[in-house]
Structures are given as structure tokens and as C-alpha cells.
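Thanks for asking me to take a look at this one. Here are my notes, set out point by point so that you can follow along with the structure open.

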Amino acid sequence: MRTIYLTIILLLSLAFGANAQRAKSVILIYLDGGPSQTDTFDPKPNAGRNYTGSYNKVCKTNVEGIEIGQKLPLLAGIADKYSLVRSLTHGSNAHETGHYAMITGDTSGGAVVYPSFGAVISYKMKDSYKGILPSYISVTSANSRFNEGGFLGNEYKSFDTGGRPESAAYEVEGVVNKYIDQERMNKRMALLQKFETEPMAKRELDSLRAINMEFIWGESRELFNLANEPDSVRQRYGKSRIGQSCLVARKLVEAGVPFVNVRTTGWDTHKKHFQKMNSMLTNLDKALSALLIDLDERGLLDSTIVLCGGEFGRTPKVLWEAPWNGGRAHFGRVFSYLVAGGGFQGGKVVGKSDKTGENVAERPVQPCDLIGTVYLLMGIDPYGTLPHVSEGDLPILPSLLNNKKSNGLLYEIIDVKKPSYEK
Amino acid sequence: MRKSLILIVCMALSAAQSVASNQCRDEVFLRRVYLTVTGALPNSQECVSFLDNESPKRREALVNRLIQSELGLKYMQMHWGDILRIKSEFPSNLWPNGVQAYNRWIYEQLLHNVPYDEMVRKLLISEGSNFRAPAANFYRGFQSRTPQNYYANINLLFLGNRNCTDNGYLCFSQMKFKSTKEWKEEIIYLDIHKELPWHKVVLEDGTQLELRRDTDWREEYVNWLTSKSNRRFAEVMVNRMWYWVFGKGLVHEPDDWREDNKPSNPEKLKELTDFFVQHNYDLRALLKKILLSEEFNSPMAPEGGYIPQRLPAEVIVDALASATGIWSRYSSRVPEPFTFYPPATRATHLGDATVSSSELELFGKVSRDVSLESQRNNSITSRQLLYLMNSSALEKRIRRSPVLKRICEQHSDVLNVANAITLRVLSRRVTPNEVRLYKEYMQENGLTVQELAFDIMWIQINSNEFLYNH
């Protein structure tokens, strides 16, 4: 009887699971420090200079009725390829709790510290993804304000590439080492073999070293070599850190990597906000639009989720007073994310902020709602579990089970129908 | 005269033979005890002087010195910091001022070898400002400030009980917090006029505690916890110390004591617990006893001997720094203004899990999110080896190493260069076979001694002999 029951569950999950998975990869473009939502995806041109600061114009997009910030003209031309969530909220104005909310989908304060959603996806795909490249890669480093791997452990932490993709030589840590060529490495490995006479842990280490030799000298080496890309492509992404990082992300996704975290810093603009935004938004506009177009042209956008946002937004009201002199502070009450590809529809807007952008006006979206939708599109049950070493199986997104901490997955912009058992 | 000469000869002979065949070699013991007690490698001079020491009491003398040394105390402080979750930021949120005060307090307990029961008492009945009364950080470092949450953690830490079902938490229900005008300062105080809970406190072993009005109820609990009749209290600490030394508890996991989780060696546990209680919970005496035990002095063996352990993240990172002579710089990003640690600060001495580096993260530094010992993950991953094999950052440190530079300035022959590197990295002398290998390698590849030195260091830091305590 039990076997029959289990078989039915298995068949059901095969039938629905296969349908539910649209996406194979996620690219998170993480604007660390917290970007201003009103200067990017949720402009308020009529709120007055105390709110708009230097940016009182907008870009009309190619989708009727959607406007975005005046510094994002290239993205405005392709609004049919992405949707905007304008009502994200977690209420936290501190970096560490904001990061924790946006990177894990959990709310802080509980007894258990959750892993990042990149680590969760990496864990859930450990049997299906067999590539030589790590399954969770950060270009160029992960956010280290809390434990990325959480209770899942070291194996699921991100592989940080290090190096500077925008420079002439992108030295990926552990892969590209300008001092040592293949011949010298082979010689060292041979000497190490002769040197190690103790059997202690030798078999285990030898097999890991063999995997590494394939990783270092095999295809991945060429993959990280941006000089292989036509200059026109590199120019299109922009020669900035974020531009070339997005290009690396495209190449990694093309090679099958399930989760790529492009993390850029400098968005914590308490002071000189508008001066900094002038160049940073131009770089973002170039990089993100080039990435979306490139993925689309290569037929990868359907299977690649692209997310862009930070740990929170910034105060819609400009702080003109000293010492800020035209800055924006942390703001977790309402902020925006861009979502595209992998089953997310384009040309839609979810939620609304009020006239000045200081409160959610319609359809609040909590971090777990966004991350849960990403799980769903990746074929991972957002109501499923994760194994904890001492606590047993824990819900993958505990907040999703709590009416006060969740406002529902983003069914309005995905092609998956809301099951009848969800509220 | 003649008699004394004979005596000297006899003593020398007995010293040479004093290492019984069932004991590990001196060079193995030296590295093992250094890494276990201090988390650091011995320097080359210490290696040579210990290896040349013929006193029959040399191991005991070394243990005595190390367990009182600053390095030894600071490493012990790291173990305590791990289970007490000492961290500036999320999720403990003690903030740098609290972290410093708390660490200092623990260091002082260890320095004065405060008995374990007294140390636990001070932690559990703490009150006052988190900046001025350091032990109060014990309570401040909880996100969820409920008596149930404190009590669950106290059970986990001091009784190895993960699933406490009694109502002892009522003893911790008088605590209140109030903030001061200083940023992030909070004062823990007791509302001792609180109404008595209507139900009685009955602990799992049947003990009934009487809570009286206008008293600190925590004291009732602590009296029960630390009393000599509560054997479990002593057993859990004995087992934890064993775990800190061997990487595996007599009861394993060390914080999971259950009826159906029996000790692997009950006689050993009993013997050590008796010793610990008789010596009034003397932590240093306990550590010494374990370090001089047959088990710790055994040769490495998968069974019935010392089981090799991968070095903890902080220890590997420090060992790489001391091998190359190039240390990482650490800084804290919270809160502004940022804190910069002095040059050559050891990773084992950071005292704050919020302070980290990609190297530490890679090898699995403890994040101090929870009090479980299993948080420390010493598994070896391909990425860790990738870093050791082919990271340009590490290769750069080898090539610019002031240690190798000095060695190559002092010596020009393979034997002495290799010996100096081996002492520095592996805490032992080079073997004739290794010298032969290096010479062949140098000739085959037409290398200079300098280039050979780079490759010798590379080979040694990539070897399992380096990565493991054995």
C-alpha cells in the first residue's frame, strides 16, 4: 500500500515538476549597499525637487504606461523583456538584516540562520547539475556579512572568482595564475606524488586534485578568458566592473552554471548621491540591457532568470542637510526589483508605491514571495524542506507559511497557475 | 665521581629510550600538541630545541608551558567564543564594544584558571551593562529574548541537552533590558518583585526549585546546575574538552547527550569526570591530563590510535601566514568608524565572527550563528585544494616570502634550504630520501635553488602532512 502511495506521489511530482521548471539558471545582479528605487525603477517625477533631486525627468519605455528613471534609456527600450516589482518591503533599514532578508528570504530573529538562495539552489541541483564549474559562482565576491552556506555547509557556499574582469587579464582565483604554466604545474604534481608517502587521506585528496587539474586546464580556463569575446560585445556591455561581470555571467550561464551572483558595491550613497549615480546608473543601464538582449538573442532568456536589486532601497526624500548634502539614506519600507526571463513575463508591473514612494500602496511583496517564485520557476518546491544537521527537515522558506510574513508568490507575472490550495 | 658518571650515562640512555614503541615520535608529538593547544605551528627554534631535548619529562614540560602560554589561552578563548557565539553583527549583534569586553572577560577567566563551575555561575547570573559587565553579553547575544530561548541554550551548552522539556525557564523570567544613551549599550536588570509563577519549577531529574519573592531565581537554578551531585554538568565539560582535543567526543556529538547516544568509552569518561570533580572543575588540569594521556600520545592510526584531523580554518590560514611570513590584514566593517587589526594578527585571535576574509570563509571559519560544535565544518573540498594548488594570491606570497628569501640568503645547498623550509612548514627535519627527491627534481628541471625553494614550499603546503593534525 505504502509503495503504491509513494509511486503516485513520484508520478505526480514528475508530471508537475517537469512542467513547473522553466528556468535552468539564475543571474542575480546584486547592487550591494541599496540602490535608490525612485532614481531607477519607480520614478516619481511629480513629487517635487525634495524627492527627485537632480532627476525630475523619466524615460518612457517601449511598453505603454511604464516609465523608468531618466538615467536608464537603454533599459527603457526593452521593457517588454522584463517586469518590475515596485512594492518589495521588509521594513529593515540595517544592512545586515536587509541582506539577510533579500539573500535568504527568511526574517531574522529565529534560532536558525538560513543559507543564501544561491546555496539552496546549488544544494537542490546537486544531482542534476554535473558540470565541472561550481554550481554557485560569485563574480567577483559574495556578500560576506553573514554565513552564505548557512546550515547547508561549506560545499554550498559560492565560488568567488576574485580578480578584475574589467582589466586586461581577469585572474580568476585558483584558475588563472600567471606565475605557473601547465608544464610547471604537472612537474609539481608529480613531485608531490613522490613526496607523499603517508596513506593518510591521500586517496581523497588525490581525487580532488585530479578534478581541480581538469578545472584549471580544461574548458573553464577559456571560458573565463574575456579576450576570446569580440571587442564589439565587450563594448556593448561596457568596460566597467558591472559590465564585464555581466558578460562573464552570460558565459557561465551558457556553460550551464545554475546560479551566478554578480555583486557590485558602492550603492550605499549617503553622500554625493547624484554625482555617483550619474556614472553608476549609466554603467548599470549598459550592462543590464546588454545582458538581457544577449541572453535573448542566444535563446537563453527563456531559461535564465535575471534579478536586479539590493538589500533595500533608499529614502525617496533627499537629505539636503549637512552632513549628507544631497544624499539618500537606507529605506526598507518599499523598494523595487527588476525580474526577467526563466518564466517571468515581460512588460508588467507588480505592486505600487504611493505618490512620493514612501509607502506600499498596492500589493506588498515580501522577500520570501520573490525568492519563492524563483524556486518555483527553478522546479524547486517553495513549500519543500531543507535538511538541518540537528533540527531535522526545516521549511525551505519558513516565512512563506506565515500570513503576516508573506503576501503570496508572484503568480501575476509567471505562466504557472496558482494552485487552488494557496490563498 | 665514577658513580655519578654512570648515573648520567644511564639517564641519557633512558631518555633516548623513554619514548616507548606505542608512543608517537617526538616530532609528531611536538606538532600535534602545538596545533591542539595553541592552534599555531612551533617556530623552527622551538622545533630544534624540543627535538634535541633528552629529558624524560620533556613532553610534560612542553604541555605545562603551552597550556599557560598566551597562545594557548587565546586559542582556548576561540573555542569559548565559538560556542558563546561572540560576534559583532548578525545574528548575535553584540557590537564591537561588547565583543571586546566579552573576549577580555573570557581571557581573564582562562588566565586565572577560574574553575568551570564558577565561570558558568558568573555567566548565568550576570546583569548590568553589556559594555561594562562583560558576562551580561551572554544574555544580550540572543535575537529572541525569551526565557525559553535562554533556557534551551543553557541546556545545550552546559548539559548537552538539545530537547529540554521541563519548566526551568521560569528561573530566567525576571530579566529585563533597558537602553542607555550610549549607542548599542543596554542594561540587563532583574525585576525581582515579579509575581511568583503559579506553577512549581520541576526539573527533568525531579528536583523541585523553590522560587522566592525578591530573590534572583537564576541562582536557584545555578546552584542545582553546578552542584557536585549533578554529574552531567561535569561530564559534558570533560567530553567537550576531549572533543576540542581529538575532534570527536567520547559522546558524539558533544552537545547531544541522550539515552540512546552512549559514550564510546564509558570508563575513560568516568575516570576523567572523577578527576575533574575532585580537582574542583580545574579546566587546565583537565586539559593537561588529556594531553598526557595514552590516547593523545599514540601514533596515528585509523583505529586504536590518534585519528588525524584536518586543521580548522583559522589554523590553516595562520599556518600559511607563518610558513610564508606574509600575514593577512583584518578589519571590521561594523560599525563606522571601521576597526583595523594590527599587522600579523592571527586569525585564531580575531575574537569576532563578523571579521573574516575569503580565505577564512573558504576553509570554513565558524560563523557562530548557533552554539553547536558541529558548526565547525572541517570537511575538505576541491575548492580549498584549488586555492592551495593554483591561486595567484598564494603563489605571490610564496614568491615574495621573506622567509624563503632569508633561508636562501643563509644557505646555498639543497640540504640546508630544504631542512629550513621543512622545519618551518612541517615542524620536522628533512629526510635523506626527500633531499634526494629535491636534488633530482632540481637537476631534471634545471632550476636554481631559489626556484626550487618555491616549489618545495608549494609541495609542503599542498601535502596532507600540512593540512592535517596527525
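The points below go from chain A to the contact between the chains, and then to chain B.

1. A word on the source before anything else: what you have here is a predicted model. Please read every value below as computed from that model.

2. Let's start with the overall build of chain A. This chain holds twelve helices and 16 strands. Its radius of gyration is 22 Å, close to the 22 Å that the globule rule gives for 423 residues, so chain A is as compact as a globular protein of that length. The C-alpha trace spans about 75 × 65 × 40 Å along the principal axes of the chain.

3. Two further numbers help to fill in the picture of chain A. Of its 423 residues, 51% count as buried. Taking the contacts in chain A with a separation of 6 or more, 70% are between residues 24 or more positions apart.

4. Next, have a look at the eight-stranded sheet of chain A. It is an open sheet with mixed pairing, and the strands come in the order S6-S5-S7-S1-S8-S11-S4-S12. S6 and strand S12 (349-350) of chain A are the edge strands, each pairing on one side only.

5. Within that sheet, one pair is worth following by eye. Strand S4 (residues 82-88) and strand S11 (residues 335-340) of chain A run antiparallel and are joined by five bridges. If you want a place to begin, find Tyr82(A), which stands opposite Ala340(A) in S11(A).

6. Which strands does helix H11 (residues 273-297) of chain A lie across? They are strand S1 (25-31), S4, strand S8 (304-309) and S11 of chain A, and the helix runs at about 170° to S8(A).

7. Now for the place where the chains meet. Chain A brings 48 residues to the contact and chain B brings 45 residues. On the side of chain A that touches chain B, the elements giving two or more residues are helix H4 (95-104), strand S6 (159-160), helix H6 (182-195) and helix H7 (202-217). H7(A) gives the most, with nine residues. Sorted by class, this side of chain A has 20 nonpolar, twelve polar and 16 charged residues.

8. Turning to chain B, the domain assignment splits it into domain 1 (5-70 + 310-469), domain 2 (117-225) and domain 3 (233-281). The centres of domain 2 and domain 3 of chain B, taken over C-alpha atoms, are separated by 25 Å. Where these two meet, eight residues of domain 2 are in contact with seven residues of domain 3. On the domain 2 side, helix H9 (residues 147-159) of chain B gives the most, with three residues. That side divides into four nonpolar, two polar and two charged residues.

9. Chain B also has an open sheet of three strands, antiparallel in pairing and ordered S1-S3-S2. Its edge strands are strand S1 (128-129) and strand S2 (175-179) of chain B. S1(B) is joined by two bridges to strand S3 (residues 186-190) of chain B, and Gly128(B) stands opposite Ile188(B) in S3(B).

10. Last, a residue to click on: is Pro254(B) buried or exposed? With 23 C-beta neighbours inside 10 Å, Pro254(B) counts as buried, although it lies in the loop between helix H11 (231-246) and helix H12 (266-278) of chain B. Leaving out residues up to four places away in sequence, Pro254(B) touches Gly160(B), Asn239(B), Arg240(B), Tyr243(B), Gly249(B) and Glu373(B).

Technical notes: Residues are numbered from 1 along each chain as its sequence is written. Chains are lettered from A and ligands numbered from 1 in the order in which they are written. This is a predicted model: local features need pLDDT of at least 70, side-chain atom pairs count only at pLDDT 80 or more; totals for chains, interfaces and linings use all residues. Helices (H or I, at least four residues) and strands (E, at least two) are DSSP runs, numbered from the N terminus. Ala, Val, Leu, Ile, Met, Phe, Trp, Tyr, Cys and Pro count as nonpolar, Asp, Glu, Lys and Arg as charged, and the others, Gly among them, as polar. The radius of gyration is taken over C-alpha atoms; the globule rule is 2.2 Å times the number of residues to the power 0.38. A residue is buried if 20 or more other C-beta atoms lie within 10 Å of its own, exposed if 12 or fewer, and partly exposed in between; C-beta atoms are placed from the backbone. Domain bounds come from an automatic or database domain assignment. Two strands pair if DSSP finds at least two bridges between them. Axes are lines fitted to C-alpha atoms, for helices over the stretch in contact, and angles run from 0 to 180 degrees between N-to-C directions.
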